[in-house]
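User: I should like to learn how to read the pockets and the strand arrangement of a protein model. Please take me through one example.

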Amino acid sequence: MWEKGISAYVGMGNSLETIYRYLEIARTYGYTRLFTSLHIPEANAAVLVNEFHQFVDHAVKLGYSITADISPRACAMLGAKLSDFSALKKLGLSAIRLDDGFSPEQIAGLSVTSGVDIEINASTITSITLQQIYAAQADSTRIRACHNYYPRPETGLSFSLFAERCQLLRDYKIPVLAFIPSRSCPRGPIFAGLPTLEKHRLFSPQLAAKELLASQLVDGVLFGDPLVSEEELASVARLDPACIELQVMVESDVSAAEREILFAAAHTNRTDPGEWVIRSQEARGLCQTVIPVRSSMLRPPGAVTIDNQDYLRYMGEMQVVRGVLPADSRVNVAAHVIPEELFLLDYISPGGTFRLKEFIAHES
């Protein structure tokens, strides 16, 4: 089961009532993790200290597991000692994300004494630092990891570095979370989204989440931006990490029999797929009537095809094309994966599960 999370910040100009309402809406969509920060430079420190306790108390009552990004200066503001986080635990925080200013030895010590989970910075972690943390007798059951988000355009992680850091943490069996941006409500003062990966900055949050889940490198996804729209919350919440969803544009003359095959509950890529195609192992069994011949056409990457009656016993075979294949009168092109999601085809491995969803413009 993957963790669905949101972020909210006090001291950034939003009233507590507005934040509370947002927390309540997100809970109705199954969001259970809440990220907040105690050291945003633009935050009003006086308001933050005054409202933080109320904010956390309300979130705890709603059932959130709360992680606070913290620094030594933020600890001092809240009256907590670096050697003793009991004051933060009493607030109701379930995890502390340690940013700059904490040594491997301090991290290990806090994992044993703090009574809360300790989240390390997944974006900057190295194998040497991890070795030092565990050499200092850290409580491995209390160690988690969360990536950074990057407000400034062009500063987010590359996918290759992200994958490298995630795999390192995976090797230690440390749970990893990462951030996706909002297009509806990006946080100031830059207002350019708060993604972990730079490539996701202009993605819809659903598409960013799809890639993170398809990569199988993370255990959960967090909206970095606060107060995101209900539509965005819903679009991400309904994703299934075990099944890659592809949005497709359907050809206008597709038959009812073809639609039934296209939009089956799920398809499984055969364990021996072809070199240039993803093959549904269920599709031919779903074919309950004749698939008529339609006009043949070139099959570009992302074309979803269904073999017609002229392909004899292959009638009903559904494929998603990875390369460019020529037109074939025995093969109907039934739909096309939307261009923005073509890269997701690379994540459908032999034996992998996927489903098709008809593209509706306002959902993207």
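User: Which residues lie nearest the centre of the largest pocket, and how many residues line the largest pocket?

Analyst: Please note that this is a predicted model. The lining of the largest pocket comprises 28 residues, and those nearest its centre are His 39, Arg 97, Asp 99, Asn 121 and Asn 148. The volume of this pocket is about 510 Å³.

User: Which elements each supply at least two residues of that lining, and what is its make-up by class?

Analyst: Three strands, β2 (33-37), β4 (95-98) and β5 (117-121), and the helix α5 (104-113) each supply at least two lining residues. By class, the lining holds 14 nonpolar, 8 polar and 6 charged residues.

User: What lines the second largest pocket?

Analyst: The second largest pocket encloses about 160 Å³. Its lining has 13 residues, with Met 12, Asn 14, Arg 187, Pro 226 and Leu 227 nearest the centre. Of the lining residues, 9 are nonpolar, 3 are polar and 1 is charged.

User: How should I read the strand arrangement, and which strands form the barrel?

Analyst: In general, strands of a sheet pair through backbone hydrogen bonds, in either a parallel or an antiparallel sense. Here, 8 strands form a closed barrel with parallel pairing, in the order β1-β2-β3-β4-β5-β6-β7-β8. From one strand to the next, the twist averages 25 degrees.

User: Over how many bridges do β1 and β8 pair?

Analyst: Strand β1 (residues 3-7) pairs with strand β8 (residues 220-223) in the parallel sense over 3 bridges. As an example to locate in the model, Gly 5 has Leu 222 in β8 as its bridge partner.

Methods. Residues numbered from 1 in each chain as written. Predicted model: local features only at pLDDT ≥ 70, side-chain atom pairs only at ≥ 80, totals over all residues. Heavy atoms only, no water. 1 Å grid on protein atoms, 1.4 Å probe; cavity = no way out; pocket = protein on both sides within 12 Å on 5 of 7 lines; lining within 4 Å. Points joined across faces, edges and corners; volume = space filled by probe spheres on them. Helix = DSSP H or I, 4+ residues; strand = E, 2+ residues; numbered from the N terminus. Nonpolar A, V, L, I, M, F, W, Y, C, P; charged D, E, K, R; others polar. Pairing = 2+ DSSP bridges. Axes fitted to C-alpha atoms, helices over the stretch in contact; angles between N-to-C directions.
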